[in-house]
Amino acid sequence: MALLNWTRKPSTRVSDNQLAAIVDSLNDVVMMLDNHHHIQMLNRCWETITGIPVREALNRPFSDFLHPEDIPNWSKLLQSMGPESNELIWFRLICDTGELRWCEMRIQQMNADVTSPLSATICDITPQVRNDQVTNANHRSLQSLVDRLPAMLYRARNNISWTMEYVSQGCELVTGYSAEQLLNQSQISLGSIIHPDDASYVWENVQIGLQAQTTFDLKYRLTKADGSEIIVQDTARGLYSESGMVLGIEGIILQCI
Amino acid sequence: MISIKLKLWQSIQEWVINLFRGVTKNATPSTPLDYNDLAFTLAAASEISKTLPLVLTRFQEQLNDVLVEQQRPQLFVLFSQPSSSESFLHHSQDLSPSATFIQSIHRKFTVGRAPTADVIDIGTDSNSLKIIPKRLFEHDNQIVWLLFAFHADLPNPKLLSWHSASIENTLSKGLQAWHQREDQINQAIEAERAMYAAELHDSLAQVLGYLRMKSVKLDKLCDAPEYQALQPISKDLANYTQCAYHQTRELITSSRLSMQSDNLSHGVINSIKEFEHQSAIVFDLDNRLPLNMLTPQQSMQMLYIIRESLSNIVRHSHATFARVVLLLKNSQRLEIQIEDNGIGIDPDAARTDSFGLQIMKERAERIGAELTINPGSDGGTRICLNLTIGDDV
């Protein structure tokens, strides 16, 4: 209300009806809660989002419309409200059909001196949450797939230690060292566990492969964490900038049976 | 020397008690409480919800004996679990706290931050109460409080401390020992179940897996015209071996399920996490159930059915989205929906799954629930499980 008064031209008079029409035209819910956190005012967008008529929601506690799992967070937020608070909270609203809508609410005191009433805006973020869920599911699925493979997928720097920028969890199965131990040579490098007699062969053949920008297949010996020696198959290729500069190497190491 | 001190101490205590008795109405001498005995009773309780009220009744009687009526508190022990938003309020047998009072206690101690004030006002329908809370101890995300509720004025703090110290000490000792004992029992049960599950997995399940392969092969060989007469037997053999294999796998899963969680919500959350890592399906959990409303047996059967449904979704549905909804349709009826947007169930094609569906139905019947499988609203499959609450198994 104060904001609307401030922005309008002094000569322009905004009637209550116009003000209500402006608030009703918004695509976010605008809401006022009293000292018991009951709904005192709602715009039309509430009905668009929830399907619940505004008149049925008025004078009811806002928590009546929240998903039960989100009520503890809502209660905590109300307890933490202070004069300068401008809080943000995500929750699920239960629609008239029983479906859920993910929402983001911004809430604040209307007057700095008194704890009530509170004003709030609610934005429907369900599509955004659904998109995030799909992205997360794809990422999670890929990550699980990579980590479960009985092989060591890696991205390494082109140096004599083959410093690992990324290494999959399968490295523990192949080498006996965990991904954390191998990452950025934090404890050990791939170069240091390659058999000393094979180290030059590996280095030279990788450089030849990088020069030719081809995929290279190498077989060499590795010393595992328990001291045993195994033969591995390393299939990799270079990562290049547009100008052809070698940025790193990506590949997969499997134990030869 | 020691005996003289002891005698002197007892006489002072008796003198003070008698002094307070002197100002109470109908003061009748009662046998002194054996605090060690009460602590032991609590520690050895098999059902704490029955034993604790008995012990509180003894303490309440003692306080009623020594304090004037206006200063008598009502005793409560609160098990507060802020992480799961659960409160369990225990009281002596002659008290019956109102629902409003219980809700207020739940809000003040469990929903909000743990109170730090020495005295807390609780307004109820009829009157207001003053609560003096004593935090006894914390165990496994559960805070145990001793609450003294006063209708009228608060007594002198020193007087209250004098009478409450032994009560606090006894409850603290007894309940801590009870918690430790419960933990030990649960650990022992879990270890036993884990052992049986591992044993079953390594022995019988392996043999049945082998038999399953061989019986299917035998059945295929019996397709040849010269063995046609054997085919009904070979088919039966293959089917029953498959069923036995499935049931054994299910037994292993069940023993793991009962280890995983005590309540349905946690079990479903864990199961969804597990299946999420096996696929790119988006799983959505909509859990609107109050906690601990089912018996462990009901929870476990429900959880099995949900897991079997999720497993079918991952293996056969081709779905990209699955939703699990747990809700109360009304105060009497619990409904669980498991819906996906996949290709739906073809009743003629799902021979291998038919054992799974059959066992799901059997499990539903075991707890008096109704299982229905229908096409989903937007394609896919919708499994509905309805249970009337209160029908114990």
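**Group meeting: two sheets in a two-chain model**

Hi everyone, let's start in chain B, where strand β7 (residues 321-330) runs antiparallel to β8(B), and eight bridges hold the pairing on record. To give you one pair to look for, Arg323(B) has Glu339(B) as its bridge partner in β8(B). Please keep in mind that this is a predicted model.

Now let's widen the view. Which strands make up the sheet in chain B, and in what order? There are five of them, in an open sheet ordered β6-β7-β8-β10-β9, and the pairing is mixed. At the edges you'll find β6 (282-287) and β9 of chain B, each pairing on one side only. Going across this sheet, neighbouring strands are turned by 15° against each other on average, with direction ignored.

Two helices pack on it. Helix α8 of chain B, residues 264-276, touches β6, β7 and β8 of chain B, and its direction makes about 175° with that of β6(B). Helix α9 of chain B, residues 296-317, touches β6, β7, β8, β9 and β10 of chain B; here the angle is about 15°, taken with the direction of β8(B).

Let me stay with β10(B) for a moment. This strand covers residues 381-388 and is mostly covered, with six of its eight residues buried. On one pairing, β8(B) (residues 333-340) runs antiparallel to β10(B) through seven bridges, and there Gln337(B) is partnered with Cys384(B). On another, β9(B) (residues 369-375) also pairs with β10(B) in the antiparallel sense, over seven bridges, and Asn374(B) has Arg382(B) as its partner. β9(B) and β10(B) form a hairpin with five residues between them, and in the turn Gly379(B) has a positive phi of about 80°.

Before we leave chain B, a quick stop at the surface. Val207(B), Tyr210(B), Leu211(B) and Met213(B) make a nonpolar patch of about 420 Å². Tyr210(B) belongs to helix α6 of chain B, residues 204-221. Is Tyr210(B) buried, partly exposed or exposed? Its relative accessible area is 48%, so Tyr210(B) counts as partly exposed, because exposed would need over 50%.

On to chain A, which has 10 helices and 10 strands. Of its 257 residues, 39% count as buried. Its accessible surface comes to about 14600 Å², and 52% of that belongs to carbon and sulfur atoms. Among contacts in chain A with a separation of 6 or more, 38% come from residues 24 or more positions apart.

Chain A has an open sheet of five strands too, in the order β2-β1-β5-β4-β3, with antiparallel pairing. The edge strands are β2 (39-42) and β3 (86-94) of chain A, each pairing on one side only. The twist averages 30° from one strand to the next. Helix α5(A) packs on this sheet, touching β1 (29-33), β3, β4 and β5 of chain A, and its direction makes about 155° with that of β3(A). Within the sheet, seven bridges join β4 (residues 100-109) to β5 (residues 118-124) of chain A, and the two run antiparallel. As an example, Met105(A) stands opposite Ile122(A) in β5(A).

My last stop is Asp70(A), in the loop between α4 (54-57) and α5 (71-80) of chain A. Is this residue buried or exposed? Asp70(A) has a relative accessible area of 9%, so it is buried, the cut-off being under 20%. Leaving aside neighbours within four places in sequence, Asp70(A) is in contact with Phe91(A) and Arg92(A).

Thanks for listening!

Conventions
Residues are numbered from 1 along each chain as its sequence is written. Chains are lettered from A and ligands numbered from 1 in the order in which they are written. This is a predicted model: local features need pLDDT of at least 70, side-chain atom pairs count only at pLDDT 80 or more; totals for chains, interfaces and linings use all residues. Side-chain values use heavy atoms; hydrogens and water are left out. Patches are made of residues with over 30% relative accessible area and no salt bridge: like charges are joined within 9 Å, nonpolar side chains (Val, Leu, Ile, Met, Phe, Trp, Tyr) within 5 Å. Accessible areas come from the Shrake-Rupley method with a 1.4 Å probe; for residues, only the protein chains shown count as cover. A salt bridge is a side-chain nitrogen of Lys or Arg within 4 Å of a carboxyl oxygen of Asp or Glu. Helices (H or I, at least four residues) and strands (E, at least two) are DSSP runs, numbered from the N terminus. Buried means under 20% relative accessible area, exposed over 50%, partly exposed in between (1.4 Å probe, protein chains only). Contact means heavy atoms within 4.5 Å. Two strands pair if DSSP finds at least two bridges between them. Axes are lines fitted to C-alpha atoms, for helices over the stretch in contact, and angles run from 0 to 180 degrees between N-to-C directions.
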